[in-house]
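Here's a quick briefing to read with the structure open beside you. Take the topics in any order you like.

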Amino acid sequence: MHNKHILLGIGGGISAYKTPDLIRKLVDKGHQVIPVLTDAGSKFVTSQTLAAVSNNRVRQDLWDEEAERSMGHIELGRWADVLLIAPATADLIARMASGHANDLLATVHLATQAQVVVAPAMNQAMWLHVATQRNISQLKADGVHVIGPEHGDQACGDVGPGRMTEPSSIVEQLDDMFAEESSLAGLKVLVTTGPTREAIDPVRYISNSSSGRQGLAIAKAAHRQGATVTLICGPMDLPTPSGIERVNVQTAAEMKDAVMAKIAQSDIFFSVAAVSDYRPAVQSPTKIKKHAQNSDSMTLQLEQTDDILQMVTSLESRPFTVGFAAETNNVLEFGREKLQRKNLDAIVINDVSNESIGFESENNAVTVVTRHGEFNLPMQSKDDIARRVVAAIAAIRLEPLHV
């Protein structure tokens, strides 16, 4: 993919010395690059060098009268296909996560609708600090793509995570992103995520530990790859990036109704939600009082909820349907059996008994099984898992014999 418009934001870290090489590699790929240099970044690399390798004027000052006469920060945001920030320092990441607009780069970040990509670079202790990790988590939730950082020797003498990913690898990962971004163009994708809640009485309910992170990541990846995405969410607090339609539900019945209202217009259905299999047969209209039971125990009668996946795959005209299986034992065996029993086109299986990739974790490791083969994705962020799963499903849907 050539001729992308890339805004390159440059933070104030020693890794800024690599940005001329990064620009040269991007230009060699046929992309147009406009550098946006922070004051701190100018301590490590000059605007003259950046202008020479990019063949574009470097933007640096939010108060540039000539540029701002035409609302320069807005125009830059509109021009960009990608806002790439490398190096992304701890300070820059914190300001982005908080929505600051106190310099040109931070303002462009708020003004652009382009995909935002950050390549963090900092001391290993700063990277591992709880505040930085909290800020990175917020950026990921906002739809920002994170490249790196790498583990290795650092300028301060420390060894650990925090090195900026090398320019060649950044360019390679951007190329992958550009290649994927049109793989679902023109298609409508429906995703369910999160748990459901089945009321026992007005203050108690049956639910599960699903955080909704993986389904949200699937929705973001499908949107990034060109699809029109609708996300049906059980109760969860994670924000949804702009451009994705979100439908909030509470119960399995509400999720079923929301899915069936959208399914006829959908080309691909990712059923990621952890839908309750059972609900109370009777819901008390008032809080059940312990002292009113006249017993040390209480029996709760349960009834099955509707099987949403089975309903979808039973349709005469159905979308390409991808199920998810969160298992605790006999993981692959149960997942493969679910693929056959529910007549799915593909299934994504993970082991939630492993706490490092369980419901609340930001990481995952999965096996993707289709009717034509299967492949493993080792432990990585749920965003990276989602990107690779969605790209694979797009390819399988078009060319199922080449899995």
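**Five strands in parallel**

Ile6 has Val33, in S2, as its bridge partner. That pair belongs to the S1–S2 pairing, where 6 bridges join two strands that run parallel. Keep in mind that this is a predicted model. The points below go through two sheets, two cores, a helix with a buried face and one histidine.

**The parallel sheet**

- The chain gets from S1 to S2 by way of H1, and this β-α-β crossover is right-handed.
- The sheet is open and has 5 strands, in the order S2-S1-S3-S4-S5, with parallel pairing.
- S2 and S5 (145–146) are the edge strands, and each pairs on one side only.
- Despite that edge position, S2 has 5 of its 6 residues buried, so it is largely enclosed by the rest of the structure.
- At the other edge, 2 bridges join S4 (residues 115–120) to S5, running parallel, and Val118 stands opposite Val146 of S5.

**Helix H2 and its two faces**

- H2 covers residues 47–54, and its buried residues are Leu50, Val53 and Ser54.
- Why do these line one face of the helix? Seen down the axis of H2, the buried residues fall within an arc of 90°, so they end up lining one face.
- The general rule behind this: an α-helix has 3.6 residues a turn, so residues three or four places apart point the same way.
- Gln48 and Ala52 are exposed, and they sit on the face of H2 turned away from the buried side.
- The cover over the buried residues includes strand S1 (5–10), helix H1 (19–28) and strand S2 (32–37).
- Right after H2 comes Asn55, with a positive phi near 60°.

**The mixed sheet**

- Here 8 strands make an open sheet in the order S12-S11-S8-S13-S16-S17-S18-S19, and the pairing is mixed.
- S12 (245–248) and S19 (373–381) are at the edges with a single partner strand each, so one side of each has no neighbour in the sheet.
- On average, neighbouring strands of this sheet are turned by 15° against each other, direction ignored.
- S18 and S19 pair in the antiparallel sense over 7 bridges, and Thr370 has Gly373 in S19 as its bridge partner.
- Helix H13 (residues 331–341) packs on the sheet and touches S16, S17, S18 and S19; the direction of H13 makes about 155° with that of S17.

**The nonpolar cores**

- The largest nonpolar core has 35 residues, and the ones touching the most other members are Leu184, Val189, Val191, Ile218, Phe270, Val389 and Ile393.
- Elements that each supply at least two residues of this core include strand S8 (188–193), helix H10 (213–224) and helix H14 (382–398).
- Which element gives the largest share? H14 does, with 7 residues.
- Leaving out residues up to four places away in sequence, Ile393 touches Ile268, Phe270, Phe320, Val322 and Ala346.
- A second, separate core of 26 residues includes Val33, Ala119, Met164 and Met177.

**A look at His223**

- His223 lies in helix H10.
- Is His223 buried or partly exposed? Its relative accessibility is 31%, so His223 counts as partly exposed.
- His223 touches Val229, Ser242, Gly243 and Ile244, again not counting residues up to four places away in sequence.
- His223 and Leu184 are 39 residues apart in sequence, and their C-alpha atoms are 8.3 Å apart in space.

Definitions and conventions. Residues are numbered from 1 along each chain as its sequence is written. This is a predicted model: local features need pLDDT of at least 70, side-chain atom pairs count only at pLDDT 80 or more; totals for chains, interfaces and linings use all residues. Side-chain values use heavy atoms; hydrogens and water are left out. Buried means under 20% relative accessible area, exposed over 50%, partly exposed in between (1.4 Å probe, protein chains only). Helices (H or I, at least four residues) and strands (E, at least two) are DSSP runs, numbered from the N terminus. The arc is that of the directions from the helix axis to the C-beta atoms. Contact means heavy atoms within 4.5 Å. Two strands pair if DSSP finds at least two bridges between them. A nonpolar core is a set of buried Ala, Val, Leu, Ile, Met, Phe, Trp, Tyr and Cys residues joined through side-chain atoms within 4.5 Å. A crossover is right-handed if, with the strands pointing away from the viewer, the path from the first strand over the helix to the second runs clockwise. Axes are lines fitted to C-alpha atoms, for helices over the stretch in contact, and angles run from 0 to 180 degrees between N-to-C directions.
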